[in-house]
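Let's take a friendly walk through this fold, starting with its strands and moving on to the helices around them. Keep the structure open as you read.

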Amino acid sequence: MKNSLKRTLWLRRAAPILKKIIKEHATFNCPVYVQCETMSLPLAGMCLHYPGYKIATVANNRQSGIKALDCLLHELVHASVGNKQPHHGPKFQKLARKVGLVPPWARSTLGTKMRNRLLQVSRNLGRYPGT
Ligand SMILES: [Zn+2]
């Protein structure tokens, strides 16, 4: 099985846990398809918005479970906020802060509290494939 597929499956087990964290602060009803892919652009991830669903991609260059979860949480905030708002605008920033992300917003990182919470999530999911 390809590494990116193994990582996709790992991230899909993490996604409901991260969605639950976001749902503590915002509505999140839209289905999100989570995947890990090698990306041609130098991005950690991206969120594409389609009518009725979103695709959250984590780049295959994330070299640890916590870095992958950090990126997935960021992309799921985009999925929750939607694309009718400026990309990293006030609505994104407000929710991102609430879920424990810290600026700069285009390359956010995890605050200490959420980092510790997601380290536990990562441990429970087992080793990030390929690491
Ligand atoms: Zn972003």
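## The model and its hairpin

Two strands pair if DSSP finds at least two bridges between them. With that in mind, and remembering that this is a predicted model, a good place to begin is strand 2 (residues 45-50) and strand 3 (residues 53-59), which pair in the antiparallel sense over 6 bridges. Leucine 48 has isoleucine 55 in strand 3 as its bridge partner, and histidine 49 has lysine 54 in strand 3 as its bridge partner.

What do strand 2 and strand 3 form, with 2 residues between them? They form a hairpin, and glycine 52 in its turn has a positive phi of about 90°.

## The sheet

In general, strands of a sheet pair through backbone hydrogen bonds, either parallel or antiparallel. Here, 3 strands make up an open sheet with mixed pairing, in the order 1-3-2. Strand 1 (32-37) and strand 2 stand at the edges with a single partner strand each, so each of them has one side without a neighbour in the sheet. On average, neighbouring strands of this sheet are turned by 20° against each other, direction ignored.

## Helices on the sheet

Helix 1 (residues 3-23) packs on this sheet, where it touches strand 1 and strand 3. The direction of helix 1 makes about 145° with that of strand 1. Helix 2 also packs on the sheet, touching strand 1, strand 2 and strand 3; the direction of helix 2 makes about 155° with that of strand 3.

## Helix 1 against helix 2

These two helices also meet each other. Helix 1 and helix 2 pack with their axes 10 Å apart, at an angle of about 55°. They are therefore oblique to each other, and helix 1 passes helix 2 in a right-handed crossing.

On the helix 1 side, the contact is made by Arg7, Leu11, Ala14, Ala15, Leu18, Lys19 and Ile22. Helix 2 contributes Ala68, Leu69, Leu72, Leu73, Leu76, Val77 and Ser80. By residue type, this contact of helix 1 with helix 2 divides into 11 nonpolar, 1 polar and 2 charged.

## Helix 2 against helix 4

Helix 2 (residues 65-81) has a second helix contact to look at, with helix 4 (residues 112-125): the two pack at an angle of about 120°, and their axes are 9 Å apart. Helix 2 and helix 4 are therefore oblique to each other. The crossing of helix 2 past helix 4 is right-handed. Gly65, Ile66 and Leu69 of helix 2 meet Arg115, Leu118, Leu119, Val121, Ser122 and Leu125 of helix 4. The residues of this contact comprise 6 nonpolar, 2 polar and 1 charged.

How far apart are the end C-alpha atoms of helix 4? They are 20 Å apart, which agrees with the 20 Å that its 14 residues should span at 1.5 Å a residue. Just after helix 4, glycine 126 takes a positive phi of about 90°.

## A cis peptide bond

One more backbone detail deserves a look. Proline 103 and proline 104 are joined by a cis peptide bond, with omega about 10°. You will find proline 104 in the loop between strand 4 (101-102) and strand 5 (109-110).

Notes: Residues numbered from 1 in each chain as written. Predicted model: local features only at pLDDT ≥ 70, side-chain atom pairs only at ≥ 80, totals over all residues. Axes fitted to C-alpha atoms, helices over the stretch in contact; angles between N-to-C directions. Helix = DSSP H or I, 4+ residues; strand = E, 2+ residues; numbered from the N terminus. Parallel < 35°, antiparallel > 145°, perpendicular 65-115°, else oblique. Left-handed = near helix turned anticlockwise from the far one by under 90°. Contact = placed C-beta atoms within 7 Å. Nonpolar A, V, L, I, M, F, W, Y, C, P; charged D, E, K, R; others polar. Expected span 1.5 Å × (residues − 1).
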